[in-house]
Amino acid sequence: MSRINIIGAGLAGLSAAIELAENGIASRLVSLQPSERAQSVLAEGGINGAINTMGENDEAENHFNDTLKGGVFMADPNAVENLTYGAPEIIRWLEGIGVPFNMENGDIILRNFGGQKKKRTAYARSSTGKIIMSAVIDEARKYEASGLIYRMPHHEFLRLITENGECKGVRIHDCYSNDKNSVIDLYGPVILCSGGLNGLFPGMTTGTTQNSGDVTAAVFSQGVLLGNPEMVQYHPTTIGITGKRCLVTEAARGEGGRLYIMRNGEKWYFMEEKYPELKNLMPRDVVAREMYFVRRREDCEDKVYLDMTGLDGKVWSRKLSDLREELIKYLGEDPKTTPINVKEGIHYFMGGIDTDEDHRTNLPGLFAAGECTCQYHGANRLGGNSMLGAIFGGKKAARTIISSGIYTGEDTAEPDEKITAEPFSEPASPILIERISEILLAGLGIVRNEEGLRKSLSELETLESEREYCQREKSRFRLAEAMLRGALERRESRGAHYREDYPDKNEEYRKATVAELKGGRVNISFRTLPERRKK
Amino acid sequence: MKVRLDILRCESIGSKPFWQSIDYETEDENSTVAAALTDINNSGSYIDTEERAVSHISWECSCLQKKCGACAMLINSYPRLACDSKLKEVRRNGVIRIEPLKKFPVVRDLVVDRSIMMENLKTMKLWFQEYARADETVGDIAYEGSRCLQCGCCLEVCPNFYSGGQFFGTATIVPASRLISAVPESQRKEVFREYRKHGYEGCGKSLACRSVCPAGIDIEDLLVNSNAAAVWKRRKRKLKNGKKD
Ligand SMILES: Cc1cc2nc3c(=O)[nH]c(=O)nc-3n(C[C@H](O)[C@H](O)[C@H](O)COP(=O)(O)OP(=O)(O)OC[C@H]3O[C@@H](n4cnc5c(N)ncnc54)[C@H](O)[C@@H]3O)c2cc1C
Ligand code: SF4
Ligand code: SF4
Ligand code: FES
């Protein structure tokens, strides 16, 4: 029997598998490590949905508007409409599989999050991702027991199996196998749910080391299009810990935390002064950029502080207990009594595998969902929209497969699972990964310009000409090039992409960036966004 | 800071394990075992104290902030998360012994196959069969029960757990408490029975598991709650039927 092959077992992958299983369709859930270790468990602050439980007359249309505006009108409005109008159902689904969201008077309560005027973020203290994942994993286990989900939790994706421009399956490797060269071919439609591109910036992101970026790089090399690859989110509040950036959740500001910098010896609450409406809760791109600029002012010291000393005791015990513990552990300082020094850090990748609103890629038979895609967030993601996008996207991709008839349930012509032993590409060398990362960081900072981007591109080229590289390394070069070229070609400033040589946004560029590999070179084009359908 | 890392290596399933000592130096006072392993692997040019080249040391990691359980291993004979083990805190006389967890089959070096944990959760039917809501009244228990990292540290020290046995240990008792806290009526009997069989009955309640849990889960609290629901309720019912407790 032909099964659906899902690569990645975080929120997107699990949600796709559950949706398929609920419809009687079997899937294989392939991931490097079990779901319990996916980046999704790290999510802290919450998940958005206009369930309107706070008496603020919230509705999906507001969520739609905030999401589109937060992404500076660069997302597909129809996709965003699906997402935001589908959000309440997702939150209620999670509630119904037993997620212990913070509740009061028998219903879920919501908190403020960046870029949103109304309280719309459901949460479980400040470990929302972990708590949601535990329930979703249990739900998937139900179908695992009935044979509809087959987990392959120590298996690495290597490449797509393609034929005449169609995706026919995937080639994977069992990392627990003694034979380092053994590969397994799985046939059937594929949904990629492999997460963000952390591995391009080792040690510099808030996420997991598991998401190496190799999947996106490999499929790009195989002809899959990328969307908005230049859009990298810097989160305003992170702290440096051994080996990575550690996130200080936006919920800290949602619950009343304030940002300040010392200016001429006095505390300056720069966000509150500049943005009297949303203050510290402006979208992340704006906050990160403001921090970047105030830190460079002559009259300011170079450290920005997050002041949470004004939060009341109940907030600490009921809503942010985990955050407080974490900060005490890593900084040796209690945020309840001491403002903490924070800095911008790479947190999320808005860009990724290009999909339509139904989560199809340009290859028939290949779908993608979750952070590995370019879907929903445009030029900047709002906090709380990512878990939502992963769950909704996973389910949507599954529904597309169900309704498109691509899954026939009949035997495939080829053997379903073929084990061959042929050498596959070695992992990329850590030294090369580090060098590419330095080049990318130099070009793709919070503030970018033509000169810097050209310099990075030429350094990348020089590095590539130094020696022969294995397939995996070659693919990484192409992905890095796509990100830099996207940023170079987008001659405007929009969301996370700020060009000091083009500091304004330009309506001409209110389009999706599309990266394609043609004849070994990266080609960038801009695609007009669809109009919002009339209801 | 200088430390000597004594690492129990094993190149593949079934091959003979051997010890390898590596002198490791770092300027980061807060460096962890995870950071040291990463450094050594990234450098690729370390030699051990017997002047042998150090090949890639396999170990699992993901979050690097003690939230995913991937990097559990024995560090100076104590089950811990490598990313939560500062060199300066775990070294003893300048030495840190690093071994794979012992209750699970070794795959390679420090990587062990913990799939028995997932199997046990499946055997115990840990899921809601129908709509279930964890409201405010049970929210705290459900929250705590959702926090288990599935790292396996508790199983390592549990005198009663062994892979393949009928007692599944804290790594199952904790997630079970989430289920028990909000279990729908239709599933109650079965869930309680499974819990008694694979949790309650085999546990000696020494709580050796509590102090090693890197997530700091209050295991005793959860045990008391689950037992009250799944074990003592049953007795109450028996009492109602006129039988003696
Ligand atoms: C610290 C932190 C806090 C966050 N807080 C929030 C929040 O409060 N709200 C919110 O909405 N979002 C938040 N996010 C973002 C959110 O967690 C992620 O974007 C989301 O969980 C992504 O889900 P996913 O399923 O797409 O990917 P992941 O959960 O990253 O899963 C990726 C899967 O792909 C697998 N994989 C990767 N590479 C391979 C390979 N080569 N072969 C096989 N498998 C592979 C992995 O094993 C994993 O199973 C946060 C992120 C971080 C890092
Ligand atoms: S209390 Fe003792 S027997 Fe029970 S799970 Fe913990 S260590 Fe094992
Ligand atoms: S109960 Fe604690 S020690 Fe045991 S698996 Fe869960 S997190 Fe690890
Ligand atoms: S790497 Fe996640 S707990 Fe150590």
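**Charged pairs, a lone buried glutamate and two ligand shells**

E272(A) and R258(A) form a salt bridge in which the closest N and O atoms are 2.7 Å apart. E272(A) belongs to helix α7 (residues 270-274) of chain A and R258(A) to strand β16 (residues 258-263) of chain A, so the bridge ties together parts that are 14 residues apart in sequence. The model discussed here is a predicted one. The two partners differ in their surroundings: E272(A) is buried, with a relative accessible area of 18%, whereas R258(A) is partly exposed, at 32%. The cut-off matters for this reading, because buried means under 20% relative accessible area.

Side chains of opposite charge can pair when their charged atoms come close. Over all chains, a search of the whole structure finds 71 salt bridges. One of them joins D66(A) to R120(A), with 2.9 Å between the closest N and O atoms. This pair links distant parts of the chain, 54 residues apart: D66(A) sits in helix α2 (residues 60-70) of chain A, and R120(A) in the loop between β6 (110-111) and β7 (121-122) of chain A. Here both partners are shielded, since D66(A) is buried with a relative accessible area of 9% and R120(A) counts as buried at 0% relative accessibility.

Chain B offers a further example. E99(B) forms a salt bridge with R97(B), and the closest N and O atoms of the pair are 3.4 Å apart. E99(B) is buried, with a relative accessible area of 6%, while R97(B) is partly exposed, with 35%. Returning to chain A, a network of salt bridges links E450(A), R454(A), E489(A), R491(A), R499(A) and D501(A).

Which side chain of opposite charge is nearest to E36(A), a buried residue that has no salt bridge? The nearest is that of R141(A), 4.1 Å away. The pair is not counted because a salt bridge requires a side-chain nitrogen of Lys or Arg within 4 Å of a carboxyl oxygen of Asp or Glu. E36(A) is placed in the loop between β2 (27-30) and β3 (47-48) of chain A. Leaving aside residues up to four places away in sequence, E36(A) touches V41(A), I137(A) and R141(A), together with C68(B), M118(B), L149(B) and Q150(B).

L149(B) and Q150(B) also appear in the shell around ligand 3. That shell includes C148(B), C151(B), G152(B), C153(B), C154(B), T170(B) and C213(B) as well. The elements that give two or more residues to it are α5 (153-157) and α6 (170-182) of chain B, and α6(B) provides the largest share, three residues. By class, the shell around ligand 3 has nine nonpolar, three polar and no charged residues.

T170(B) is likewise found around ligand 2. Among the other residues that surround ligand 2 are C158(B), N160(B), F167(B), C203(B), K205(B), S206(B) and C209(B). The shell around ligand 2 has seven nonpolar, four polar and one charged residues.

Chain B as a whole has nine helices and seven strands. Its C-alpha trace spans about 75 × 35 × 30 Å along the principal axes. Of the 245 residues in chain B, 57% are buried. Among contacts in chain B with a separation of 6 or more, 64% are between residues 24 or more positions apart. The accessible surface of chain B comes to about 11,100 Å², and carbon and sulfur atoms account for 48% of it.

How values were computed
Residues are numbered from 1 along each chain as its sequence is written. Chains are lettered from A and ligands numbered from 1 in the order in which they are written. This is a predicted model: local features need pLDDT of at least 70, side-chain atom pairs count only at pLDDT 80 or more; totals for chains, interfaces and linings use all residues. Side-chain values use heavy atoms; hydrogens and water are left out. Helices (H or I, at least four residues) and strands (E, at least two) are DSSP runs, numbered from the N terminus. Buried means under 20% relative accessible area, exposed over 50%, partly exposed in between (1.4 Å probe, protein chains only). A residue is near a molecule or strand if one of its heavy atoms lies within 4 Å of it. Ala, Val, Leu, Ile, Met, Phe, Trp, Tyr, Cys and Pro count as nonpolar, Asp, Glu, Lys and Arg as charged, and the others, Gly among them, as polar. Lys and Arg count as positive and Asp and Glu as negative; His and the chain ends are not counted. Contact means heavy atoms within 4.5 Å. Accessible areas come from the Shrake-Rupley method with a 1.4 Å probe; for residues, only the protein chains shown count as cover.
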